[in-house]
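Work through the following exercises on charged side chains with the sequence and the 3D structure at hand. Each task is followed by a solution that goes step by step.

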Amino acid sequence: MTGRRERAEEVIERCPEWFHSIELAPGITTPGRKSAAAWQEDLAKIRLPDLHNKTVLDIGAYDGFFSFAAEQRGASRVVALDHYIWYANMVEYMKDWRESWKTGIPVPPPHASRHWRPAELPGRLPFDAAREVLESRVEPIVGDFMTMDLSSLGRFDVVLFLGVLYHLEEPLQAMRRLASVVAPGGLAVIETEAVEVPGLGHAAFCEFFPGSELNNDPSNWWAPNAKALEGLCKAAGFREATVIIEPPKPPAPPPPAPPARRGLKKRVRSAMKHLLYDPLPEPAVNNEPANTPLPRLRYRAIAHARL
């Protein structure tokens, strides 16, 4: 009988494209887009509660890293829901995406590309292979979270909504649907691309991406700030919401340069020259400089929302 290490090696050879780094056997980890240590850091950042005897729904499961992690942490039932990645041949799509970075030619989103094959589920191959090697009981369900009948899923003690919100065209509708699959008293863990603009105070806003501005990915639509993320949770029906990953602090401005040391006579002559010959500055219109982009701080926000 083939051992687990041999099966893990076969899986990695058979599946060349992975998003998640999943340890399939001691010392054998799938080649994800970040290191295994980085994924473990991400897992720690979302601050999962005790999952023993809890039910968990992982929306947008992809290769299943967080689904398998929930199972390993004692969840009594874990459901992995996806369709978007599982419908696409991600091996070939990612080749086009990487070539797009080099050429500058935009790449279409997966659903509009030649690699969209819903009947074949090519993008689910890594998940299925990892599930088999790990001998996992995670339940895969193919479904579009935004259009499927959510009552068929039921309600869960913990729902993971990681890296999904900013890919959806209707964020408030998405959050309302998220609330509908959380059990009373349950927890939704939301992780999303986020942005802060220093100087806007307590305003709640979302930045909109009409094209491929964010990460050369035309399936990215929105980046809320922390205030907007909290507001989306509450507007969707969650009784409380806490953003547990705060935005980074903007870098401190450099200290002003010390004035040049010049003699008194030179300073007087310089001042008189500017006084006599320099034109008056043009008055500002509405005190707003033209075409000055607002500084942005991009980060990944994480929120805990309770129903």
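**Exercise 1.** Is Glu230 buried, partly exposed or exposed?

*Solution.* The model is a predicted one, in which local features need pLDDT of at least 70 and side-chain atom pairs count only at pLDDT 80 or more, while totals for chains, interfaces and linings use all residues. Residues are numbered from 1 along each chain as its sequence is written, and side-chain values use heavy atoms, with hydrogens and water left out. Begin with the classes: buried means under 20% relative accessible area, exposed means over 50%, and partly exposed lies in between (1.4 Å probe, protein chains only). Glu230 has a relative accessibility of 25%, and therefore counts as partly exposed.

**Exercise 2.** Which residue forms a salt bridge with Glu230, and in which helix do the two residues lie?

*Solution.* Take the term first: a salt bridge is a side-chain nitrogen of Lys or Arg within 4 Å of a carboxyl oxygen of Asp or Glu. The partner of Glu230 is Lys234, and the closest N and O atoms of this pair are 3.2 Å apart. Next, place the pair: both residues lie in helix H7 (residues 226-235), 4 residues apart, which is about one turn of the helix; helices are DSSP runs (H or I) of at least four residues, numbered from the N terminus. Finally, Lys234 is partly exposed, with a relative accessible area of 43%.

**Exercise 3.** Describe the salt bridge between Glu92 and Lys95, and explain how the two residues are placed in their helix.

*Solution.* The side chains of Glu92 and Lys95 meet at 3.4 Å, N to O. Because they are 3 residues apart in helix H4 (residues 90-103), about one helical turn separates them. As for accessibility, Glu92 is partly exposed at 27%, and Lys95 is likewise partly exposed, at 47%.

**Exercise 4.** Which of the partners Asp128 and Arg124 is buried, and how far apart are their closest N and O atoms?

*Solution.* The closest N and O atoms of the salt bridge between Asp128 and Arg124 are 3.0 Å apart. Asp128 has a relative accessibility of 29% and counts as partly exposed, whereas Arg124, with a relative accessible area of 17%, is buried.

**Exercise 5.** How many salt bridges does the structure hold, and which residues are linked with Arg33 in a network of them?

*Solution.* The structure holds 14 salt bridges. Arg33 is linked with Glu17 and Arg98 in a network of such contacts.
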